[in-house]
Amino acid sequence: MKHSQPTAASIVKSAHDGEFAVPEFQRGFVWTVGKVRELADSLTRNFPVGSILTWKSSTAIQRGDADTTSQKSWIIDGQQRTTALCTLLGDRPAWWDSNNRTWTDHLNAFDVRLDIGENDWTFVTRKSLAGRYIRVRDILNSDDLYALAKELAHGGHAFTSNISVLANHLQAVAKIKDAILPNVEIDDTIELTEVAEIFKRLNSTGTRIKQADIYLGVVASRNPGWVNRNFLKFIRELDTQGFDLEPSFLFRTFTGIGAGKSRFRNIDQGFWENLDGSPAWEKTQRALLSVCQGLRQFGIINSRLALSSNAIVAAAVYRAQFPEGSFGPILSWMLNSVKEGFFSGPTETKMDRVISIVRNSVSKDDALNGLHSLLLNNSPVFTPEEFVETGSRRNSVQRLMIYLIAFKNDAQDWNTDGYKIRAEAVGSYAPEWHHIFPRKWLSDNLSIVDDNTIDSVANMAVISGEANRKIATRSPKEYVADLDLASRGLLDQQAVPDPTYVEPSQYEDWLRNRAKWLAKQSNDYLTKFLSNG
């Protein structure tokens, strides 16, 4: 392992000359212009901005580069910072992907400037009053800051007419090029599994490096272009369908289906050779698309409604083995696994057990029974207490069950001319959650009540913001009659006991009653409705 202290300018030169490479699996530049502006400000003030982590390996080729003869250093952590430095200096990095935006367009969009009308270092992105706002890259690439200061002082926009003072002001910005960004570099004499662990432990602020990312980089180097043509293309396809699956989870699905393992280090190296036209890859895509279709059938139309990517991986392994039949039974297991937190914590051992059970099963029933045996409860069981105590957490399986019940019942919004929830569940839809007993009404009418009681899942319904505004702070007795909810059956559609005649002192009794109803309907949903597809 090698430590060095390169300057920002030398890092930009390495990026521009192709000495640094970015593997195909890494995302493009995602920083906002505000982040680039903050970087310029931090470097001018000599604030620390993190380090660059690289891996010098004979397998490290540039994204889209088929030339493997020259050894490069992969930027595993620090790509965004490095690209931002290239932006500030105006030097295009060798890995820049022109498919999204030309370098010229990028520089125009990230045109960070120094406001010379302020005697502090103020960086802006405004382009009016061009004489007052000088491009940072013009300062960084100037050979004569005194001459530049003289020109700016005569323009009448600078905070001072003293050329020497203004030149010193510009010099502080010019020192961005001399800022030190420590570089930790690892060579390929170290085992691949150790490299993954080292990068995880050395990772600084930013996107956490996953072991799968390191392995995927090696796959990219052995199959030039495959990751971009196939792997990332399919991730984009899933995203257009509403399911944003991280590369590590897609990679795990591929290895689970193709090699029967989720532990990447245990996979035979021959599996990664000649991936173009791989039957395992084709099978992986079909299985994941089948899972997306199955989830949508029951109302889970995007990743915002799916609570576990690992559960999606498990379902895809199941659908690859048993592609025919109703999706309901495997969804029942997915929800139960999420409810029990089966995939919380380290998941490799659990996922390998899932994969082994599915691949060694001779029938769907055999596989499902085996999967349920991994859980504490062999069959889904919700208790009323879970709907009372979950509190205000929006991303809970208990809230999801209320939505799924409403979707199954084709529930209508609590509005006079309300839409059907099933019809609204498209695209990036996410349920809107509002109180059945309004928060303010409870606070005003109960002498002792805490937020957890007010925000209990049992006090929530899937209704629109417009319906919630009609409810406002009124008592259930008022708005249930006004919106004609009971006679239209809208309460029953979401398992809501009629709250019309519930006095404030009876609220907690009503809460427990609804929790019992929700638990029963949820259990019926998972054991009966899903079993029948």
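Okay, let's start with a little cluster of charges: Asp111, Arg113, Arg135 and Arg137 are linked in a network of salt bridges. Before I go on, keep in mind that what you see on the screen is a predicted model.

So, staying with that network, let's pick one pair out of it. Arg137 and Asp111 form a salt bridge, and their closest N and O atoms are 3.9 Å apart. Where do the two residues sit? Arg137 is in helix α5, which covers residues 136-140, while Asp111 is in the loop between α4 (103-109) and β5, so this salt bridge ties together parts that are 26 residues apart in sequence. And are they buried or exposed? Both Arg137 and Asp111 turn out to be buried.

Now for the strands in this part of the chain. There's an open sheet of three strands here, and its order is β6-β5-β7, with antiparallel pairing. At the edges you find β6 (123-124) and β7 (133-135), each of which pairs on one side only. Strand β5 takes in residues 113-115, and two bridges join β5 to β6, the two running antiparallel. If you want a spot to click on, try Leu114: its bridge partner in β6 is Phe123.

The loops around those strands have a salt bridge too. Arg132 and Glu118 meet through their side chains, at 3.5 Å from N to O. That pair links distant parts of the chain, with Arg132 in the loop between β6 and β7, Glu118 in the loop between β5 and β6, and their positions 14 residues apart. What about exposure for these two? Arg132 has a relative accessible area of 23%, so we call Arg132 partly exposed. Glu118 comes in at 34% relative accessibility, so Glu118 is partly exposed as well.

Let's move further along the chain. The side chains of Lys339 and Glu386 also meet in a salt bridge, this one at 3.2 Å from N to O. Lys339 belongs to helix α14 (residues 328-340) and Glu386 to helix α17 (residues 384-389), so here the pair ties together parts that are 47 residues apart in sequence. Someone usually asks about the cut-off, so here goes: buried means under 20% relative accessible area. Lys339 has 18%, so Lys339 is buried. Glu386 is at 22%, so Glu386 counts as partly exposed.

How many salt bridges are there in the whole structure? The structure holds 16.

One more place to look at, and this time we go back towards the start of the chain. Asp97 is in the loop between α3 (79-89) and α4. With 30% relative accessibility, Asp97 counts as partly exposed. Its C-alpha atom is separated by 7.6 Å from that of Gly28, although Asp97 and Gly28 are 69 residues apart along the chain.

Right, let's zoom out to the whole protein. We have 24 helices and 10 strands. Of the 533 residues, 53% are buried. If you take the contacts between residues at least 6 apart in sequence, 69% of them join residues at least 24 apart. And the surface? The accessible surface comes to about 23800 Å², and carbon and sulfur atoms account for 45% of it.

To wrap up, if you open the model yourself, go back to where we began: find Asp111, Arg113, Arg135 and Arg137 and look at their network of salt bridges. Then step across to the sheet and follow the order β6-β5-β7. Thanks, everyone!

Definitions and conventions. Residues numbered from 1 in each chain as written. Predicted model: local features only at pLDDT ≥ 70, side-chain atom pairs only at ≥ 80, totals over all residues. Heavy atoms only, no water. Helix = DSSP H or I, 4+ residues; strand = E, 2+ residues; numbered from the N terminus. Buried < 20%, exposed > 50% of the residue type's maximum accessible area, 1.4 Å probe, protein only. Contact = heavy atoms within 4.5 Å. Areas by Shrake-Rupley, 256 points an atom, 1.4 Å probe, with all protein chains shown as cover. Pairing = 2+ DSSP bridges. Salt bridge = Lys/Arg side-chain N within 4 Å of Asp/Glu carboxyl O.
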